[in-house]
Each structure stands twice: as structure tokens, then as C-alpha cells.
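User: I should be grateful for a close look at a single part of this model, with its surroundings described in one connected account.

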Amino acid sequence: MPTAMTRNKRLIKLAPFIIIYLFFSCRSKSYVKIPEGIVTPDTMTAILSDIHILQASAQLGYSQSPNDTSLKMAYESIWKKHHLTDSSYNQNMRFYCNNAKLLDSVYEKVLNNLNRQKAELMGEKRIPVKQIK
């Protein structure tokens, strides 16, 4: 019959294996492996931020129509900036759309990024209010 001391020694020897097992078994099941050819979530955040700024500019009338060649060139400059093509962008979007939790986390960062940029712009363009006496 093992004594309490022997059981404690066995437990101490097994502790690292138990900790490793618990670590991997408790790891989030929402982890998604990014396949080769798909951009990282941080890069996708930057791409989508650029695209939403471009689309907002177009909606504000900086582009005459969705078929405007300057708008097409603007998209191409975004693809070039992020080392993409139109088809590779579509492939990335399909991947992220098929992984909704990952896309949700990317869009959370996109919104934070756009809000930060807006705050920076508003701070720079804010005109001091003259006080009325």
C-alpha cells in the first residue's frame, strides 16, 4: 500500500504532463489555422480599413460612378499596396467569410482603426471656438 509521501512524489512527477494536457485541452476551439496564401488577420484589417475609406469617399461624391476608372484604379492601388490581386482578395474574403468568428474579430479591429483615424482627423481639423463675452 503506497504511502501519502509516495503518492505526492508521483503527482509531482506527473504535474508537468497534467498541466500541458490541461493547457491544450482548454485552448479555445475557435482557433483557425490560416492557410498558405491567406493574409493574416492584421493585414486583412488594414485592407478592409483601406477599402471602407475608399467606399466612403465614393459615396461622398469623390467618384462620379461605381464604373469610374479612377475608382477602379484606387482599388488596384489598394491591391498593389497589400500585394494582392482582385482574385486573391476575393479568395481571402471567401476564407474570412467562411470563418465568421475570425471575420468578426477582424471587423472589430477595422472599426477601432477607422474610429481612431476619424478622431485623429477631427482633432487636426477642429477649429477653436471663440468665446463670446
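Please begin with His83: is His83 buried or exposed, and where in the chain is His83 found?

Analyst: At 74% relative accessibility, His83 is exposed, because that value is over the 50% cut-off. The model is a predicted one, and His83 is placed in the loop that joins helix 3 to helix 4. The backbone of His83 also deserves attention, since its phi is near 60°, a positive value in a residue that is not glycine. Most residues other than glycine have a negative phi.

The preceding residue in this loop offers a contrast. His82 is found in the loop between helix 3 (69-81) and helix 4 (86-98), yet His82 is buried, because its relative accessible area of 12% is under the 20% cut-off. Once neighbours within four places in sequence are set aside, the residues in contact with His82 are Ala46, Ile47 and Asp50. With Asp50 there is also a polar contact, side chain to side chain, at 2.8 Å.

These partners lead to helix 2, which spans residues 41-62 and includes Thr45. Thr45 is buried as well, because a relative accessible area of 8% falls under the 20% cut-off. A polar atom of the Thr45 side chain lies 2.8 Å from the backbone oxygen of Pro41. Beyond the neighbours within four places in sequence, Thr45 is in contact with Val106, Lys109 and Val110.

Helix 2 is also involved in the largest pocket, which holds about 190 Å³ of space. Helix 2 and helix 5 (100-125) are the elements that give two or more residues to its lining. Helix 5 gives the most, with five residues. The full lining consists of His52, Ile53, Ala56, Leu114, Asn115, Gln117, Lys118 and Leu121.

The loop and its partners may now be set within the whole chain. The chain has five helices and zero strands, and its pattern along the sequence reads α-α-α-α-α. Of its 133 residues, 23% are buried, and both His82 and Thr45 belong to the buried class. The exposed area of the chain is about 11,000 Å², of which carbon and sulfur atoms supply 61%. Among contacts with a separation of 6 or more, 72% are between residues 24 or more positions apart.

Confidence in the prediction varies along the chain. The mean pLDDT is 80, and 66% of the residues reach 70 or more. Among the elements, helix 4 has the highest mean pLDDT, at 94, whereas helix 1 (residues 4-25) has the lowest, at 64. Helix 4 is one of the two helices that the loop holding His83 lies between.

In summary, the loop between helix 3 and helix 4 holds an exposed His83 with a positive phi, and a buried His82 whose side chain makes a polar contact with that of Asp50.

Notes
Residues numbered from 1 in each chain as written. Heavy atoms only, no water. Helix = DSSP H or I, 4+ residues; strand = E, 2+ residues; numbered from the N terminus. Buried < 20%, exposed > 50% of the residue type's maximum accessible area, 1.4 Å probe, protein only. Polar contact = N/O pair within 3.5 Å; in protein donor to acceptor, adjacent residues only side chain to side chain. Contact = heavy atoms within 4.5 Å. Areas by Shrake-Rupley, 256 points an atom, 1.4 Å probe, with all protein chains shown as cover. pLDDT = per-residue confidence, 0-100. 1 Å grid on protein atoms, 1.4 Å probe; cavity = no way out; pocket = protein on both sides within 12 Å on 5 of 7 lines; lining within 4 Å. Points joined across faces, edges and corners; volume = space filled by probe spheres on them.
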